[in-house]
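Visitor: I would like a close look at one part of this model, the metal site. Please take it slowly and then show how it sits in the rest of the chain.

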Amino acid sequence: MEPLLAAIEGADHRQVGGVALDVVRAGNGRVKRAVYPPGFRWSTHMKPIVGTPHCMHAHLGFLAQGHIGGEYADGCGFEYRAPRVLVIEPGHDAWVVGSQAAVVIEFDAEGETARRFGIPETHRHG
Ligand SMILES: [Zn+2]
């Protein structure tokens, strides 16, 4: 298996809503690999598990493979195609575009991610 998808030594591995997550503590934060399968959509597959109207996580990382589309609560859209660094503000839906899994290497600080990386606490204008 290619390294991008192979097992990661020392990672906590789990599946949530069809997403394969590998999480490793690093410094005072975490490095995560998330593999979103083709057809994945946050509002369809994660919203029932999470229970919030939108994904309220801030995402900062590197899209190593695939194509992601998304929309904030106010209708603003975003799109990322690998290879691309991504920053997604809390308050969004997102989905995989096309037939290839999307692989994101993310850096987070659990509940502190937005503050730690200077990302707005929610998507807004002005
Ligand atoms: Zn907007």
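Guide: What follows goes from the zinc ion to one of its ligands, and then out to the core and the whole chain.

This is a predicted model, in which local features need pLDDT of at least 70 and side-chain atom pairs count only at pLDDT 80 or more, while totals for chains, interfaces and linings use all residues. Residues are numbered from 1 along each chain as its sequence is written, and side-chain values use heavy atoms, with hydrogens and water left out.

The zinc ion has protein donors from Asp74 (OD, listed twice), Cys76 (SG), His123 (NE2) and His125 (NE2), at 2.0 to 2.8 Å. Donors here are N, O and S atoms within 2.8 Å of the metal (3.2 Å for Na, K and Ca); water is not among the atoms, so sites may look incomplete. Along the chain the spacing of the donors is D-x1-C-x46-H-x1-H. Distant parts of the chain are linked in this way: Cys76 is in the loop between β5 (67-72) and β6 (77-81), and His123, 47 residues apart from Cys76, is in the segment after α3 (113-117). Helices (H or I, at least four residues) and strands (E, at least two) are DSSP runs, numbered from the N terminus.

His123 counts as buried, at 16% relative accessibility, whereas Cys76 is partly exposed at 25%. Buried means under 20% relative accessible area, exposed over 50%, and partly exposed in between (1.4 Å probe, protein chains only). Leaving aside residues up to four places away in sequence, His123 touches Tyr72, Asp74, Cys76, Glu89 and Pro90; a contact means heavy atoms within 4.5 Å. With Glu89, the side chain of His123 makes a polar contact of 2.9 Å (a pair of N or O atoms within 3.5 Å; within protein, one must be able to donate a hydrogen and the other to accept it, and residues adjacent in sequence count only if both atoms are side-chain atoms).

β5 and β6, the strands on either side of the Cys76 loop, are among those that each supply at least two residues of the largest nonpolar core. That core has 19 residues, and Tyr36, Phe40, Leu63, Ile68 and Leu86 touch the most other members. A nonpolar core is a set of buried Ala, Val, Leu, Ile, Met, Phe, Trp, Tyr and Cys residues joined through side-chain atoms within 4.5 Å.

Overall, the chain has three helices and nine strands, and 40% of its 126 residues count as buried.
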